[in-house]
Amino acid sequence: MPTTSARLLRLLSLLQTHRDWSGAELAGRLDVTTRTVRRDVERLRALGYPVHASAGLAGYRLGAGTDLPPLLLDDEEAVAVAVSLRVAAGGTVEGIAETSVRALAKLEQVLPSRLRHRVRALGSMTVPLADGGPTVAPETLTALAAACRDHEGLRFDYRAHDGTTTRRRADPHRLVSSGRRWYLVAYDTDRADWRTFRVDRITLRTPGGPRFTPRTPPATDLSAYTSRGLSTSPYRHRARITVHAPAVDVADRMSPGAATVEPLTARTCRLTCGSDSLDELALWVGLLGVPFEIHEPTELVDHVRELTERLGGSVRRST
């Protein structure tokens with residue numbers, strides 16, 4: 001049997017990874033009796049950890065206290081947190097840069113040298129690209145993340161692409177980051193369907209709503225699901241194009257929300273994208289610099305043909 005201190009650390013680690021634990025579940029994980037679990041919980045409380053107890057199967061929960069107790073992080077978690085703080089220090093979360101720098105300084109001070117070297121090496125070899133895009137209030141992100149974790153419904157005002165605002169009710173599932181923007185994948189209860197919401201357009205009304213039973217998500221790969229929705233659904237024109245180049249080469253030239261790329265053969269792929277402007281679509285795909293065929297929409301086919309004749313005529317007049 002592990003020592004009491006080792007067992008307490010293991011118990012704390014379990015409480016940090018799950019919202020509710022029954023005494024029997026914890027006893028089974030620790031290979032001790034439920035009576036030992038109760039004693040260890042009391043020891044954690046004496047150390048300042050707010051472990052709440054409730055009747056029934058969900059017996060123990062690590063809650064919020066008046067002071068922030070120490071957190072347990074393994075090596076990979078510590079590196080992930082440090083790298084995330086570095087990104088946040090120059091990222092798209094409004095007002096969080098200074099706070100991130102302070103938190104990073106505290107974390108690096110206690111990191112073992114082997115981990116500190118990994119974090120600093122990554123930081124010294126990384127140059128952030130200024131974006132200038134919309135920012136997100138950190139309290140909005142944390143409220144959405146908590147609602148996803150705790151399966152709590154949301155009510156919020158949502159500003160659409162055209163500026164109109166609607167009141168929405170949704171059961172949140174996951175947050176997705178494209179590196180430039182944050183998106184919420186949620187089940188819209190009024191429309192009875194899955195939706196993707198841009199977080200910078202969300203104004204929360206009643207976070208911490210009623211609990212709901214999680215649904216099967218709309219896709220296993222939520223990143224690809226979000227990318228598909230962002231690349232076509234908000235736009236007036238949706239294009240489907242065969243590109244004569246390997247999918248990996250084309251995908252490397254696309255941002256996650258700009259288009260979806262699916263391999264057809266080793267040297268061809270299908271490109272799906274959208275825009276409110278046929279001119280923008282025509283020029284955008286033309287600048288890929290490789291042969292392509294447009295399958296839809298027919299308006300884009302006609303527009304590219306007209307644009308080709310117009311450009312060719314201007315070249316002839318110039319010679």
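**Stop 1: the four-stranded sheet**

Start by selecting strands S8, S9, S10 and S11 in this predicted model. Together they make an open sheet of 4 strands, ordered S9-S10-S8-S11, and the pairing is antiparallel. Strand S9 (259-263) and strand S11 (292-296) stand at the edges with a single partner strand each, so one side of each has no neighbour in the sheet. Going from one strand to the next, the twist averages 25 degrees.

Now zoom in on the pairing of strand S8 (residues 237-243) with S11, which is antiparallel and runs over 4 bridges. Show the side chains of Arg 240 and Glu 296: Arg 240 stands opposite Glu 296, which belongs to S11.

Next, add helix H10 (residues 278-286) to your selection. Helix H10 lies across S8, S9, strand S10 (269-275) and S11, and runs at about 150 degrees to S10.

**Stop 2: helix H3**

Select residues 34-46, which form helix H3. If you like a quick check with the distance tool, try the end C-alpha atoms: they are 19 Å apart, which agrees with the 18 Å that 13 residues should span at 1.5 Å a residue.

Which residues of H3 are buried? Colour Thr 36, Val 37, Asp 40, Val 41 and Leu 44, and you have them. Turn the view to look down the axis of H3: the buried residues fall within an arc of 140 degrees, so they line one face of the helix. A general rule helps in reading this view: an α-helix has 3.6 residues a turn, so residues three or four places apart point the same way.

What do the buried residues of H3 pack against? Bring up helix H1 (4-17), helix H2 (23-30), strand S1 (51-53) and strand S2 (60-62), which are their packing partners. Then rotate to the face of H3 turned away from the buried side, where you will find the exposed residues Arg 35 and Ala 46.

Before leaving, step just past the end of H3 to Gly 48, which takes a positive phi of about 105 degrees. Also show Arg 7, Asp 40 and Arg 43, which a network of salt bridges links. Asp 40 is thus on your list twice, as it is also one of the buried residues of H3.

**Stop 3: a walk through some salt bridges**

The whole structure holds 17 salt bridges, and three more places are worth a visit.

Select Arg 215 and Asp 171. Their salt bridge brings the closest N and O atoms to 2.6 Å. The pair links distant parts of the chain, 44 residues apart: Arg 215 sits in the loop between strand S7 (202-204) and helix H8 (222-232), while Asp 171 is in strand S4 (residues 165-177). Are these two partners buried or exposed? Asp 171 is buried, with a relative accessible area of 10%, whereas Arg 215 counts as partly exposed at 34%.

Move on to Arg 195 and Asp 193, whose side chains meet in a salt bridge at 3.1 Å, N to O. Here Arg 195 is partly exposed at 28% relative accessibility, and Asp 193 is partly exposed at 36%.

Finally, select Arg 310 and Glu 306, a salt bridge with its closest N and O atoms 3.4 Å apart. Both residues lie in helix H11 (residues 298-318), and their spacing of 4 residues is about one turn of the helix. Arg 310 is partly exposed at 43% relative accessibility, and Glu 306 is partly exposed at 43%.

**Stop 4: Ala 147**

Select Ala 147 in helix H7 (residues 138-150). With a relative accessible area of 2%, Ala 147 is buried. Which residues does Ala 147 contact, leaving aside its neighbours within four places in sequence? Show Glu 152, Leu 154 and Pro 172 to see them. Then add His 173: Ala 147 and His 173 are 26 residues apart in sequence, with 8.3 Å between their C-alpha atoms.

**Last stop: the whole model**

Zoom out and switch to a cartoon view. The protein has 11 helices and 11 strands. Of its 319 residues, 36% count as buried. Among contacts with a separation of 6 or more, 56% come from residues 24 or more positions apart.

Notes
Residues are numbered from 1 along each chain as its sequence is written. This is a predicted model: local features need pLDDT of at least 70, side-chain atom pairs count only at pLDDT 80 or more; totals for chains, interfaces and linings use all residues. Side-chain values use heavy atoms; hydrogens and water are left out. Helices (H or I, at least four residues) and strands (E, at least two) are DSSP runs, numbered from the N terminus. The expected span of a helix is 1.5 Å times one less than its number of residues. Buried means under 20% relative accessible area, exposed over 50%, partly exposed in between (1.4 Å probe, protein chains only). The arc is that of the directions from the helix axis to the C-beta atoms. Contact means heavy atoms within 4.5 Å. A salt bridge is a side-chain nitrogen of Lys or Arg within 4 Å of a carboxyl oxygen of Asp or Glu. Two strands pair if DSSP finds at least two bridges between them. Axes are lines fitted to C-alpha atoms, for helices over the stretch in contact, and angles run from 0 to 180 degrees between N-to-C directions.
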